[in-house]
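Hi,

Here's the structure I promised to pass on to you. Have a look at it first, and then read on for what turned up in it.

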Amino acid sequence: MPTVMFTCAGQRVDIVSAFARAGATTVAADLDPLAPALYHADHKALVPRVDDPGYVSALAALVAEHDVALVVPLTDLDQEIVSAARSALAPALVLAPAPDVCRTMGDKYLAHAFFEARGIPSPRTWLPGEVPADARYPLLVKVREGFGSRHIYHAEDPEQLAFHVRTTPVESMVQERCLGVEFSIDVFCDTDARCLNAIPRSMIQSKGGESIKGESLQDPELIEHGARVAETIGIVGPANIQCFREPDGSLPVTDVNPRFGGAFPLPLAAGSRYPELALALARGERPEPRLGEFRAGVVMTRFFSDLCLVTDGDGELVPFAEELPEPIAAEPGET
Ligand SMILES: Nc1ncnc2c1ncn2[C@@H]1O[C@H](COP(=O)(O)OP(=O)(O)O)[C@@H](O)[C@H]1O
Ligand SMILES: [Mg+2]
């Protein structure tokens with residue numbers, strides 16, 4: 001059984017459990033002893049903050065202790081750090097693109113400049129103060145290093161633009177608001193950034209930037225687009241590519257997260273087999289691309305779940321499982 005370590009495991013019970021079902025032994029690492037994913041892994045590990053000088057050595061010690069074959073960073077928080085620590089974490093494979101790719105995609109202005117230079121469509125974007133007179137309103141004042149749909153302000157005219165540029169508390173850019181329908185494409189690439197699959201989905205409903213309802217779509221144009229964008233960027237492992245389909249037919253890319261997306265369970269249910277592909281890469285295999293091989297029409301609807309913990313005799317938090325009470329009524333069909 002290959003062992004997979006997840007960093008910043010947080011709430012990603014869905015991902016840890018999916019790798020376990022794919023045959024992996026799992027190690028979940030997090031700073032917070034109340035991170036739910038810790039309690040769904042075979043081994044849990046409390047580690048320092050990602051910006052602590054001892055963070056990488058703590059991860060390297062876990063790689064050695066558990067004979068980890070694959071390291072999967074689950075959030076933006078430590079992706080660049082873990083990617084840059086590739087040699088310190090060897091012989092485990094780090095499932096992330098090169099550090100400069102993580103950095104570029106983590107800054108939406110740098111990402112836009114990269115897309116323009118590489119022929120990937122992207123909404124017209126400027127630094128505040130460089131917005132030309134012919135910019136098409138509505139405009140967005142959008143945080144450069146953002147997540148969770150935070151710090152995005154809509155401006156309908158130059159006066160509102162000036163107001164939001166002046167009052168936003170974060171370093172921002174100005175971007176034309178897309179007019180079409182938004183899509184998200186969950187891709188997976190091998191260690192040579194060859195795209196193995198791309199699964200588009202609709203955004204039926206999102207909350208705080210996370211898609212909570214969506215449907216897998218057999219849309220050849222979006223599949224092709226997702227694969228081309230992923231390969232141009234140099235994605236290694238999973239990424240989530242967000243784009244719009246505009247009235248003129250263009251597909252401007254607004255956000256790329258080089259990690260498993262929040263809606264991971266949907267492509268999984270649609271047959272992505274991304275955990276199996278990740279394990280194959282860890283074994284040094286080279287799986288063949290199967291672009292478009294997934295089930296369309298799978299609809300996901302997400303909800304909160306919970307876990308109760310108690311302190312055991314050693315002062316460790318452990319899952320609390322109370323004996324089920326005796327049935328107080330007969331089962332249906334019994335007397
Ligand atoms: N240029 C744009 N036009 C229209 N909507 C946008 C644009 N940029 C962002 N949005 C909306 O805001 C949401 C969050 O923006 P995004 O760039 O994905 O940042 P993040 O997910 O990192 O917070 C998007 O899912 C989309 O609905
Ligand atoms: Mg986004």
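Before anything else, a word on labels: helices (H or I, at least four residues) and strands (E, at least two) are DSSP runs, numbered from the N terminus. With that in hand, you can place Pro 138, which sits in the loop between S6 and S7. A cis peptide bond links Tyr 137 to Pro 138, with omega at about 0°. Please also keep in mind that this is a predicted model.

**The whole protein**

The protein has nine helices and 18 strands. Its C-alpha trace spans about 70 × 60 × 45 Å along the principal axes. How does the radius of gyration compare with that of a compact globule? For 335 residues such a globule would come out near 20 Å, and the protein has 22 Å, which agrees. Of those 335 residues, 42% count as buried. If you take contacts between residues at least 6 apart in sequence, 60% of them join residues at least 24 apart.

There are three domains: domain 1 (3-96), domain 2 (124-176) and domain 3 (181-301). Measuring between centres over C-alpha atoms, domain 2 and domain 3 are 28 Å apart.

**The ligand**

Where does ligand 1 lie? Domain 2 and domain 3 both give residues to the shell around ligand 1, so it lies between them. That shell has 15 residues, and the closest are Ser 149, Arg 177, Cys 178, Gly 209 and Asp 255. By type, the shell splits into five nonpolar, seven polar and three charged residues.

**Helix H5**

Go to residues 108-117 next, which make up helix H5; Lys 108, Tyr 109, Ala 111, His 112 and Phe 115 are buried there. Looking down the axis of H5, you find these buried residues within an arc of 160°, so they line one face of the helix. What do they pack against? Their partners are helix H4 (99-106) and four strands: S6 (125-126), S7 (139-143), S9 (172-176) and S15 (253-257). Just after H5 comes Gly 119, with a positive phi of about 75°.

**Some backbone oddities**

Most residues other than glycine have a negative phi, and most peptide bonds are trans. Here are some places to check against that.

- Ala 90 and Pro 91 are joined by a cis peptide bond, with omega about 10°. Pro 91 is in the loop between helix H3 (79-84) and strand S5 (93-94).
- Cys 8 is not a glycine, yet its phi is positive, at about 45°. You'll find Cys 8 in the loop between strand S1 (3-7) and helix H1 (13-21). Is Cys 8 buried or exposed? Cys 8 has 25 other C-beta atoms within 10 Å, and 20 or more make a residue buried, so Cys 8 is buried.
- Ala 193 also isn't a glycine, and its phi is positive, near 60°. Ala 193 belongs to the loop between strand S10 (181-189) and strand S11 (195-202). Ala 193 has 17 C-beta neighbours inside 10 Å, so it counts as partly exposed.

**Three residues and their surroundings**

Ala 96 is in the loop between S5 and H4. Ala 96 has 28 other C-beta atoms within 10 Å, so it is buried. Leaving aside neighbours within four places in sequence, the contacts of Ala 96 include Pro 73, Cys 102, Val 236 and Pro 258. Ala 96 and Ile 235 are 139 residues apart in sequence, but their C-alpha atoms are 7.4 Å apart in space.

Ser 211 is part of strand S13 (residues 210-215). It is buried too, with 22 other C-beta atoms within 10 Å. Beyond its neighbours within four places in sequence, Ser 211 is in contact with Ser 184, Met 203, Ser 206, Gly 262 and Ala 263. Its C-alpha atom is separated by 8.5 Å from that of Arg 302, which is 91 residues away along the chain.

For Glu 221, go to helix H7 (residues 220-233). Glu 221 has 11 C-beta neighbours inside 10 Å, so it counts as exposed. From Glu 221 to Leu 251 there are 30 residues in sequence and 9.4 Å in space, C-alpha to C-alpha.

Cheers

Notes: Residues are numbered from 1 along each chain as its sequence is written. Chains are lettered from A and ligands numbered from 1 in the order in which they are written. This is a predicted model: local features need pLDDT of at least 70, side-chain atom pairs count only at pLDDT 80 or more; totals for chains, interfaces and linings use all residues. The radius of gyration is taken over C-alpha atoms; the globule rule is 2.2 Å times the number of residues to the power 0.38. A residue is buried if 20 or more other C-beta atoms lie within 10 Å of its own, exposed if 12 or fewer, and partly exposed in between; C-beta atoms are placed from the backbone. Two residues are in contact if their C-beta atoms, placed from the backbone, lie within 7 Å. A residue is near a molecule or strand if its C-beta atom, placed from the backbone, lies within 6 Å of it. Ala, Val, Leu, Ile, Met, Phe, Trp, Tyr, Cys and Pro count as nonpolar, Asp, Glu, Lys and Arg as charged, and the others, Gly among them, as polar. Domain bounds come from an automatic or database domain assignment. The arc is that of the directions from the helix axis to the C-beta atoms.
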